[in-house]
Amino acid sequence: MHIDHFKENFQTITDQRQGAKVTYCLFEVLFGSLCAVIAGAKGWFDIREYILGHHDWFKNNKLFVNGIPADDTIARIISTIEPEQFHQCFINWMSSIHTLTEGQVIAIDGKTLRGSYNREDRASTIHMISAYASSNKLVLGQLKTEQKSNEITAIPELIKMLDIKGALVTIDAMACQTKIAKTIVDQGGDYLLAVKSNQGKLREAIVQAFAFQRANNTDKSVIEHGHGRTECRQCYVIDSKNLLGDFSKWKGLKNIVMVESCRLEKGKPIELEYRYYISSKELSAEQAAIAVREHWGIESMHWVLDVSMSEDACQIYNAHGAENLSCLRHMSLNMLRAEPTKISIVGKQKRCMMNPSMLEAVLKTGFSGSVKN
């Protein structure tokens, strides 16, 4: 049964409750909550209703044989789990079933849990940093930071928790910091970092280095049509030795990248935009363009969390509830995406809600390791 695989990966989680007062096993509540979130549960009440509706299935698998806890009890049990332990178990689980290929893009970005504002003590909303394997559409790990501005300190900690050897780590401009670049290289990975005004001298030098390319456009642009607009993109890569100035503090810096984007939308003026990047990996223009595009896969993942799993609408904020439920959503999304049935995430959730055999298929795929490259 899949509960054995679950225990194997999450057995190090400490139960914070007093042993004499424990009625429901931590792992059956955690596993039941995971099953419910896979099936579309949005909160504690939904989790209990799912377990109640499929109680016979759970009992057949020797779970909840002593009854089903109230939704407040489920909330209390999940909310007392130490998030650091939970996240580390999640990362270890993903490492065991997902093998990185050389040069695979790992996108790192943050997302605010908008409903996690604590109305009782007016604490700020929770901001989560996630690492995302773009080609496999899998969340590899996540870490909490209290505010978006704290991403700079949280990202190196997340990177140190992951196995990024041989991977190309992409991050937006806020994280374009020498410390983060060094951490990535020290961990055996390469970086592709967006450069904006927060690194003024570096950006100015890159703009100057690409002056010729901007003045002499080529015919090798990629043209895309869709959503009522036409977009033309061209990517350029040159050696970082062309930079005027001393940028040796950027460990391993080899290439600088410029992406020129021209967008034409009916009824609107033409938009011309230049985006700049630095990289420790020697990339061709084609490889750089693909990596830049793959980075935006993490935005698609955030969209799915909001639209399919109603993450932003979730009003849970007590103790560690919001953070741990976020981790359950990431686990669920990974498993739903790994299951090969050619229907939408919402469609799979509905099938899991109605049919335990579909849930078993999702669990089998998720815990069997079949999401490896």
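How many salt bridges are there between domain 1 and domain 2? The points below take up this question, together with the contact of the two domains and one helix.

1. This is a predicted model, and the protein in it is divided into domain 1, made of residues 1-81 + 339-368, and domain 2, which covers residues 89-305. The contact takes 7 residues from domain 1 and 6 residues from domain 2, while the C-alpha centres of the two domains lie 35 Å apart.

2. The answer to the opening question is that the count of salt bridges between domain 1 and domain 2 is 0. For polar contacts across this interface, with both residues at pLDDT 80 or more, the rule likewise finds 0 residue pairs.

3. Domain 1 and domain 2 bury about 510 Å² between them, and 72% of that area is on carbon and sulfur atoms. On the side of domain 1, the residues N9, F10 and G366 supply 66% of the area buried against domain 2, which is more than any other three residues supply. The elements of domain 1 that give two or more residues to the side touching domain 2 are α1 (2-10) and α15 (356-368).

4. Helix α13, which runs over residues 321-338, offers a check that a student can follow step by step: because each residue should add 1.5 Å, its 18 residues should span 26 Å, and the end C-alpha atoms are indeed 26 Å apart, which agrees. This helix is also mostly covered, since 16 of the 18 residues in α13 are buried, where buried means under 20% relative accessible area.

Key
Residues numbered from 1 in each chain as written. Predicted model: local features only at pLDDT ≥ 70, side-chain atom pairs only at ≥ 80, totals over all residues. Heavy atoms only, no water. Helix = DSSP H or I, 4+ residues; strand = E, 2+ residues; numbered from the N terminus. Expected span 1.5 Å × (residues − 1). Buried < 20%, exposed > 50% of the residue type's maximum accessible area, 1.4 Å probe, protein only. Domains from an automatic or database assignment. Contact = heavy atoms within 4.5 Å. Buried area = accessible area lost by both parts, 1.4 Å probe. Salt bridge = Lys/Arg side-chain N within 4 Å of Asp/Glu carboxyl O. Polar contact = N/O pair within 3.5 Å; in protein donor to acceptor, adjacent residues only side chain to side chain.
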